[in-house]
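Hello! Here are a few friendly notes to read alongside the model. Take them one at a time, and keep the 3D view open as you go.

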Amino acid sequence: MKQTLPDLEPYERRLERPTNLKLPDLQHGPRPKHILFAQQFDRPFLDRLGRTADQIRVLSQTKATAVELRDLLPHKRAMLYFTQQSTRTFLSFMASCQLLGMSVAEIRDPSLSSEYKGESPLDSMRMFSSYSDLIVIRDKLPQFAEACAYLMNDLDDFNQRSVPIVNGGSGADEHPTQALLDIFTIQRTFGIGAAEDHAGVSRFAELQSRHPDLQSGLDGKTYVFSGDIGRGRTVRSLCVLLANFDNIHIRFVSPAHSKLRLQADLRDWLKSRHIDISEHSSLDEVIEEADIVYSTRIQSEHDRSESDVASAEDLRACHVTPERVQRMKEYGAVLHPFPRNEEIPAAVDNDPRAMYFRQARNGIWIRAAAIAHLFDVDTSIREIYDSHLLDWRRYNQDVL
Ligand code: NCD
């Protein structure tokens, strides 16, 4: 329970702007200063981030290179302020900080902090910025992380200590780092970044020879979202990132219920980007054309009475059953941000298209990559990778 609601009034004028006008406040030139919105990321950045994540993934797997990674940011500390429930986002942020040598502190229950004595959460944040070099925030209040970023910008203007803010999920509106890990998972599904993964390379070469469509990466693909489209913040953030790619098709499958179906603001935004979208009430209508199926749970914690209005039959029409997965393309993938309920039965888990557990693991690499870009050590990661890659290649040539 949060004791004091933050007073966001001093930031109101900035909070009310359309997102595109906010973006300059969140950048240091080409480098992100804070991570708040999926709209901050363009295609070249997504490509760079995916490459860094892949390099971190490979480097973290051997002792000598893992030690070099940990030598990058041992002088930095992160604060994970997670007052909204979380398992994967919390643990993967913690693991990603540790991969880069950062130490981590956490607040998960504000009733154990001075907020219980009436301290304003914004004062708490300023206090955390004295003790840490990065604050990751997951909060129910939609614009709290954003207001904290403006607080940090103001401190910076007055030459006071200021640290980057990362949004680990805010209200029902945004979950940008989940969208980054989703894009990274899709990149890997389509064979992008498998360069040094020999098993991966031969699997993709074979798949690409049978499915020439795979060669175009994320462009030209059909992305199917199913479940709670209206209230899933991961759906919103991922749609925004997908809009960076060419000639894509998005299909939304949900019960025809006012809270669960695609909301007008996202529909209008996607249309303004000339993206081909359509709405459906059953996965059966679109399963064969899907390259990616992104399933989500029904988020009944928001307003229990409303979501009960969708009938069990309407909900089942959105479920990812083994029979439906059988009808998907051979190289397709089923994603889910987790936690899952009954929308994907465990019987699907061993299908090669069930990508959701690997997707969750990808959160470690992509979050570490995002932190590396915030702290300007992505080039050092590439250098470590290149030098070891040369060693590995020489070794392979010698033994072959
Ligand atoms: C999602 C979230 O919190 O929005 N989970 C996550 O962070 N991986 C999805 C959900 O709660 O259903």
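How do the residues of the shell around the ligand divide into nonpolar, polar and charged? Keep that in mind while reading the points below, and remember that this is a predicted model.

1. **The shell.** To answer the question: the shell holds three nonpolar, five polar and three charged residues. You can find them by selecting Thr-89, Arg-138, His-175, Gln-178, Arg-233, Thr-234, Arg-297, Gln-299, Pro-337, Phe-338 and Pro-339, which surround the ligand.

2. **Contacts with ligand oxygen.** Try looking at three side chains in turn. Arg-297 has a polar side-chain atom 2.6 Å from an oxygen atom of the ligand. For Arg-138, a polar side-chain atom is 2.8 Å from a ligand oxygen. In the side chain of Thr-89, an N or O atom lies 3.2 Å from an oxygen atom of the ligand. As for how covered the ligand is, it exposes 310 Å² when taken alone, and the protein buries 93% of that.

3. **The pocket that holds the ligand.** Next, turn to the space itself. The ligand takes up the space of the largest pocket, which contains about 550 Å³. Its lining is made of 24 residues, and those nearest the centre are Gln-85, Arg-138, Arg-233, Arg-297 and Glu-301. Notice that Arg-138 and Arg-297 have already appeared, each with a polar side-chain atom by a ligand oxygen.

4. **What lines the largest pocket.** Sorted by class, this lining has 13 polar, seven charged and four nonpolar residues. Two helices are worth colouring here: helix 5 (88-99) and helix 10 (233-242) each give at least two residues to the lining.

5. **A second pocket.** There is another space to visit. The second largest pocket has a volume of about 370 Å³. Of the 14 residues that line this pocket, Thr-19, Gln-39, Glu-174, Arg-236 and Asp-265 are nearest its centre. Helix 2 (19-22), helix 10 and helix 11 (264-272) are the elements that supply two or more lining residues.

6. **What lines the second pocket.** Which helix gives the most to the lining of the second largest pocket? That is helix 11, with three residues. By class, the lining here has six charged, five nonpolar and three polar residues. Finally, look back at helix 10, which supplies residues to the lining of the largest pocket and also to that of the second largest.

Notes:
Residues numbered from 1 in each chain as written. Predicted model: local features only at pLDDT ≥ 70, side-chain atom pairs only at ≥ 80, totals over all residues. Heavy atoms only, no water. Near = heavy atom within 4 Å. Polar contact = N/O pair within 3.5 Å; in protein donor to acceptor, adjacent residues only side chain to side chain. Areas by Shrake-Rupley, 256 points an atom, 1.4 Å probe, with all protein chains shown as cover. 1 Å grid on protein atoms, 1.4 Å probe; cavity = no way out; pocket = protein on both sides within 12 Å on 5 of 7 lines; lining within 4 Å. Sits in = over half its atoms within 2 Å of the grid points. Nonpolar A, V, L, I, M, F, W, Y, C, P; charged D, E, K, R; others polar. Points joined across faces, edges and corners; volume = space filled by probe spheres on them. Helix = DSSP H or I, 4+ residues; strand = E, 2+ residues; numbered from the N terminus.
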